[in-house]
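User: Hey, can you walk me through this structure? I'd like to start with pockets and then see how the helices fit together.

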Amino acid sequence: MKRIVVISDIHSNYAAFESAFNTVEKINPDGIIFLGDYVTDFPYPQRTMDILYKCKTAYKCWFLRGNREDYLLQHHKNSDDGWCHSSSVGSLLYTYENLAENDLDFFSNMPICLEIRVGGTPIITACHGSPKSTTENMLLNSSVYIDYAKNLKGNILLCGHTHHRKIVSAEDKQIVFCPSLGLPQDGEEYGHTWITLLTSTENTWKTEFIDIKYDADTLIDDYRKSDLIKYAPIFSECIIKSLELHGDLAYECVVLAWDYAKKDNFAGGRILPEKYWIKAAKDLKII
């Protein structure tokens, strides 16, 4: 019997990651699969990277690249992309400025899809969004994951990106949407999050979601003391409120903000003036 821990979408939530690492030590798995989106959204990304490197030293690890890593790497190649202090892109800029060159090298060497086999266990296919894209959301279209399931060499496909936890069957295969460690959804209690545990059986993998408790109060205090609030004011409030309510308020806020901008005939590019973020956040009772 083999046991594999799966961790997805940390988004720089170092408090949740530290608690998850403590749980991993108790499980003592045969390895850890990371599904990408390690950083952005929460402050002090180097704290997350330090735990990530600790995992790399302590366990056999497989690392997948997420869309957030893609954004950071694209900016590294082209810094003349308009990133600035704003709720639209400020969190990305803050994260980029607080990472080291070796962190970006680490991300750049990650694939977007892997086939993993531990001993004689069934093959695991792992990705962030989908086997072909870091941004594809398979949860929105069942026909998409059915097509991917048909081409699996094994009988299980792991993906992150959606921040939801869900297991579906397709073509006699198991599609596991692994929950976000950093920004969980689906109505968890405040200060609780999830990792995924795979346990091998003779012909397949048993999947369970393990509850993780962490100090969300201290995390939010750290957030408010950090410079990230200055880089992305309303976006930061959205993330803090999302942590409290387990929703995706940043997405809701930006959609509403763009609606207001379009009604105003805004044509200034992809970075929204802060006034639209503020109006949307007030209407959503985020601020």
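Analyst: Sure, we'll go through the pocket, some helix contacts and a few single residues. Keep in mind that this is a predicted model.

User: What volume does the largest pocket have?

Analyst: The largest pocket comes out at about 1,200 Å³.

User: And which residues lie nearest its centre?

Analyst: Those are Asn67, Arg68, Tyr71, Tyr251 and Val254, out of 39 residues that line the largest pocket.

User: Which helices each supply at least two residues of that lining?

Analyst: α3 (67–77), α4 (90–97), α9 (233–245) and α10 (249–263) each do.

User: How does the lining split by class?

Analyst: The lining of the largest pocket has 17 polar, 15 nonpolar and 7 charged residues.

User: Let's stay with α4. Is it mostly covered or mostly open?

Analyst: Mostly covered, with 7 of the 8 residues of α4 buried. The buried ones are Gly90, Ser91, Leu92, Leu93, Tyr94, Thr95 and Tyr96.

User: What do those buried residues pack against?

Analyst: The buried residues of α4 pack against α2, α3, α5 (101–108), α8 (228–231) and α9.

User: OK, on to α9. At what angle do α9 and α10 cross?

Analyst: Roughly 135°, and their axes come within 8 Å. An oblique pairing means an angle that is neither over 145 degrees nor from 65 to 115 nor under 35, and α9 and α10 are therefore oblique to each other.

User: Which residues make that contact?

Analyst: From α9 you have Ile234, Phe235, Cys238, Ile239, Lys241, Ser242 and Leu245, and from α10 Leu249, Ala250 and Cys253. By class, the residues of the contact of α9 with α10 are 8 nonpolar, 1 polar and 1 charged.

User: What sits in the loop between those two helices?

Analyst: His246 is in the loop between α9 and α10. His246 is not a glycine, yet its phi is positive, about 55°. With a relative accessibility of 7%, His246 counts as buried.

User: Where's the other positive phi you have?

Analyst: At Lys285, which isn't a glycine either, with phi near 60°. Lys285 lies in the segment after α11 (274–283), and a relative accessible area of 68% makes Lys285 exposed.

User: Back to helix pairs. How do α7 and α9 run, parallel or antiparallel?

Analyst: The axes of α7 (residues 216–225) and α9 cross at roughly 175° and come within 11 Å, so α7 is roughly antiparallel to α9. On the α7 side the contact involves Ala216, Leu219, Ile220, Tyr223 and Arg224, and on the α9 side Ser236, Glu237, Ile239, Ile240, Leu243 and Glu244. That contact of α7 with α9 has 7 nonpolar, 1 polar and 3 charged residues.

User: Now Tyr44. Where is it, and what is it in contact with?

Analyst: Tyr44 is in the loop between β2 (31–34) and α2 (45–58). Leaving aside neighbours within four places in sequence, Tyr44 is in contact with Tyr14, Tyr94, Asp222, Lys225 and Ser226. Tyr44 and Asp227 are 183 residues apart along the chain, with 9.2 Å between their C-alpha atoms. At 26% relative accessible area, Tyr44 is partly exposed.

User: Last one: is Lys153 buried or exposed?

Analyst: Exposed, at 65% relative accessibility. Lys153 lies in the loop between α6 (142–150) and β6 (156–159), and beyond its neighbours within four places in sequence Lys153 is in contact with Glu115 and Ile123.

Technical notes:
Residues are numbered from 1 along each chain as its sequence is written. This is a predicted model: local features need pLDDT of at least 70, side-chain atom pairs count only at pLDDT 80 or more; totals for chains, interfaces and linings use all residues. Side-chain values use heavy atoms; hydrogens and water are left out. On a 1 Å grid over the protein atoms alone, a cavity is a set of points where a 1.4 Å probe fits but cannot get out, and a pocket is an open set with protein on both sides within 12 Å along at least five of seven lines; lining residues have an atom within 4 Å of a point. Grid points are joined across faces, edges and corners, and a volume is the space filled by probe spheres set on the points. Helices (H or I, at least four residues) and strands (E, at least two) are DSSP runs, numbered from the N terminus. Ala, Val, Leu, Ile, Met, Phe, Trp, Tyr, Cys and Pro count as nonpolar, Asp, Glu, Lys and Arg as charged, and the others, Gly among them, as polar. Axes are lines fitted to C-alpha atoms, for helices over the stretch in contact, and angles run from 0 to 180 degrees between N-to-C directions. Contact means heavy atoms within 4.5 Å. Buried means under 20% relative accessible area, exposed over 50%, partly exposed in between (1.4 Å probe, protein chains only).
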